[in-house]
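Q: Please bring up the model and its sequence. I have several brief questions about side-chain geometry.
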Amino acid sequence: TFWRVNGGRGDWDWKRIFPLEPDITMEMVQTKVHLKKRQVVIFIILILLWEAGSESIQYSILEETESGTFVANLTKDLGLTMGELAARAARVVFKGNRQYLQFDPETYDLLLNEKLDREELCGSTEPCVLPFQVLLENPLQFFQAALLIRDINDHAPEFPAREMLLKISEITMPGKVFPLKMAQDLDAGSNSLQSYKISSNPHFHVLTRNRKDGRKSPELVLDKALDREEQPELRLILTALDGGFPPRSGTTKIQIVVLDINDNAPEFAQEFYEAQVPENSSLGSLVLTVSARDLDAGSFGEVSYALFQVDDVNQPFELNANTGEIRLRKTLDFEEFQSYQVDVEATDGGGLSGKCSLVIKVLDVNDNAPELTMSSLTNPIPENLPEIIVAVFSVSDADSGHNQQVTCSIDDNLPFLLRPSVENFYTLVTEGALDRESRAEYNITITVTDMGTPRLKTEHNITVLVWRQKTAFPSALGGWLDNISRKNRAENAMEAGGECFLRQRQVLFLFVFLGGSLAGSQSRRYSVAEEKERGFFISNLAKDLGLSVGKLAARGAQVVSKGNRQYFQLNHQTGDLLLHEKLDREELCGSAEPCILQFQILLQNPLQFITNELQVVDVNDHSPAFSENEMQLKILENTPPGTIIPLGNAEDLDVGRNSLQNYTITPNSHFHVLTRSRRDGRKYPELVLDKALDREEQPELRLMLTALDGGTPRRSGTVQVHILVLDINDNTPEFTQSLYEVQVLENSPVNSLIVTVSASDLDRGNLGTISYAFFHVSEEIRKTFQLNPITGDIRLIKYLNFEAIHTYEVDIEAKDGGGLSGKSTVIVQVVDVNDNPPELTLSSITSPIPENSPETVVAVFSVSDLDSGDNGKIVCSIENDLPFILKPSVENFYTLLSEEELDREIRAEYNITITVTDMGTPRLTREFKCLKPLVPNIMGEGVGTDTEENSNFRNHLGFN
């Protein structure tokens, strides 16, 4: 064990430096047992009491001080006079034999030999101390001393790049920390980098962190949430400040790009659109263009359009997914559908959607000619009787408005008149008494013309025969007909305004209802449930009209329905009104409620119309039905609770209480359903988010949506709701280890695998794809290691050198496809191998030496080995058969002494080989030969037999 002196003036500080391994000692003992053995271990106890004056003295000086500057006066510090210093050949010895200090030959003041740069000498090591020895001879004596180089603030902090680029997702929560690149300041102590600051802004502040190696790094902390739509990027200035006076600083720009997430749903320019389309519009005609906007960027802001809950059977429109144009794909028919309510959905690239409603009204065009339905025809008719009823008929037009208004007429030169009745009914009567002998047959054309543009008309031809009357009509009927005739002629004369009487027979559809003659024609409403069988009893008409069954039959009672479709039949034997066919309310009236069928009871002798209504009552014969078996919803996992998602509605053909009343959904922890009413009275469901989703916890949900009607018993329909939880970049990559520590031999070959780092990201797709990169590493690290961005393998790209760098601290960043990143640190410890042989540095040599003087100092030298551990432990030896010995001094210094008095006459010259061997594996040895110590010439020899003479032996005997 080696002990050295390291004390203040007059003090002793004994410290154990290196242990000597027991096996080494045993090996040395077993090697030689000769009494004049000259081997000595570098680490043995220092026992030279005459070196008691070896005191440690420390001086200091500012770096960059000019050469020749006074450092100290050694006469005072050592307690010696200038004469003693000169007599004892005082010298300053630095490690490596570089002379930073020199003696003034006149005053023996210690002066600076050259301008010193602390950063060059010590780098970041603080304090910066240069040990040196003051060597005195006669007697040999070492004084330990050190020169402290004090730092001045001659360097400003510098960032490795003029600008940093950060990509931060707008979903990042406040409090998130982002490591930034460090600035470098070559100064030390208070002059070194002390803190960071950032330009004023509402979103970030900066923290200054102390690393394990003592360096200070900046961390950017998010204070306020970002919003890309509000501010897509920020530009800040990061400033690094040192602690000097005045302080120096360095700056770099930080560009922060705010990464978009799909946090905006498409919004339509209008929530409600209205359009009018003529029913004769051609296929492909543009009906309307809807437009939605999404504030997000990229695919998240790209909007596509689709019809929401499409009914392919009844839907006559098609929608361009890219432009939002709605065009006709089927011909419209006003008479079938007067309006359409269409829902349009706009969906962005991230799955969020918005909806709007369209009401498209079909405009009627005059595309339907009037229709005439004959209810009663009397043929032949008797002669000689005026105003005989020839026919009873109704007219209709499927169009609306002016297109629906009609005019009826017959030829002017015929002895017949048209008279309006009730609900579009007309009677054709004779204008006066007919004479069979004059004309026995009439061909009558009834022309029905609408008022539309262009006007459409329908002609109906009937042939009327006149037969000879042998029996007079009852006087009551004749009087009634005569009164009617006179009244109509008087009205026609007034309307003519004094003009000549015309035999014009045209009458308008909307004439005044004939009141007085039909005083008994009061309306009744009957009701019957749909789906009743044919022949079902509705009511007894004879009783309702106050007539006997016989009189009802005698007056030729008829039931007349619009369109001449016979929904009813009259039993003339009982006077009962019966169903003629099974009625389907949904087919007859659709969603209209109440469902009313109008019909007339036509009585003759005298002519009488009685308007009646039949209400077809709904029964619960239809279940609610969805248009599809499954609904698929895509909902972002960051969708806030309370968000409403409209769902496709079910259809129920029933009405009233039997129609669809509400929706339910299977119990779950995330959603409930609301039932909403549309403008048209239909009910639709809305899904409401109660609890936030998490794709990593539950990537999808399957729920059952049920539509219920109000009938007894209740009917229902179901559809499965498949909810896909869309991923957002809410998970940062996480390394399996926050710190990796590896040891690598310095002689490892290039391309050796050092370590594999691994990180995982719970997100999916591109957001979960990880790439690896070095994070703010030095150029030296980039030249030494290579990182595979995909696998995380770190490999050597150049040879390591333990003597140059013992440890590498490498920061690794794992970044996902959305820009979020995680960090890990890899500590690479370089393991020393024995690749450096020992070195010997000669400090002093005396030649020739006097004979007859025991323990004469021949040489003073130091030994060193750049390796560490056992590889750096050294054994020094000389040959056993020489009268010289090696004695250890301080700090790896040795003195070569004569062991006894020498006799020049016996031997005038000695060749001494100093062998220096390290304790590594394999052991490396250097031999240094002193040729002719009386006239010294020293050579250095490596391992083996080769010897190289070195003429500069006074300076340095070792080599690399």
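Q: What is the torsion about the S-S bond of C589 and C595?
A: The torsion is about 65°, so this disulfide (cysteine sulfur atoms within 2.5 Å) is right-handed. The sulfur atoms of C589 and C595 are 1.9 Å apart.

Q: Before I go on, what kind of model is this?
A: It is a predicted model, in which local features need pLDDT of at least 70 and side-chain atom pairs pLDDT 80 or more, while totals for chains, interfaces and linings use all residues. Numbering starts from 1 along each chain as its sequence is written, and side-chain values use heavy atoms, without hydrogens or water.

Q: How many disulfides does the structure hold?
A: The structure holds two disulfides. Besides the link of C589 to C595, there is one between C122 and C128, with a sulfur separation of 1.9 Å.

Q: Which hand does the link of C122 and C128 have, and what is the angle?
A: The link of C122 and C128 is right-handed, with 65° about the S-S bond.

Q: And the connectivity, which pattern is it?
A: Counting bonded cysteines along the chain, the pattern is 1-2, 3-4.

Q: Is C128 buried or exposed?
A: C128 is buried (under 20% relative accessible area; over 50% is exposed, in between partly exposed; 1.4 Å probe, protein chains only), as its value is 0%. Its partner C122 is buried with a relative accessible area of 16%. In the other disulfide, C595 counts as buried at 0% relative accessibility.

Q: What about C356 and C408, buried or exposed?
A: C356 has 2% relative accessibility and therefore counts as buried. C408 is likewise counted as buried, at 0%.

Q: Switching to aromatics, how many pairs are there?
A: The count comes to 20 aromatic pairs (Phe, Tyr or six-membered Trp ring centres within 6.5 Å; planes under 30 degrees apart are stacked, over 60 edge-to-face, the rest tilted). One of them is F317 with Y340, an edge-to-face pair with 5.3 Å centre to centre and 90° between the planes.

Q: Why does the pair of F317 and Y340 tie together separate parts?
A: F317 belongs to strand β23 (residues 317–319) and Y340 to strand β25 (residues 339–348), so the pair links parts 23 residues apart in sequence. Strands here are DSSP E runs of at least two residues, helices H or I runs of at least four, numbered from the N terminus. Both F317 and Y340 are buried.

Q: And the geometry of F626 and Y663, what is it?
A: F626 and Y663 form a tilted aromatic pair, 6.3 Å centre to centre with 50° between the planes. F626 is in the loop between β42 (608–617) and β43 (630–636), whereas Y663 is in strand β45 (residues 660–665), so the pair ties together parts that are 37 residues apart in sequence.

Q: How accessible are F626 and Y663?
A: F626 has 13% relative accessibility and so counts as buried. Y663 is buried too, with a relative accessible area of 4%.

Q: Which residues do ring pairs link into a cluster?
A: Y59, F94, Y100 and F132 are linked into a cluster by ring pairs.

Q: One last topic: where is K873, and is it buried or exposed?
A: K873 is in the loop between β60 (857–864) and β61 (874–877). With 7% relative accessibility, K873 counts as buried.

Q: How far is K873 from P838?
A: The C-alpha atoms of K873 and P838 are separated by 9.1 Å, although the two residues are 35 residues apart along the chain.
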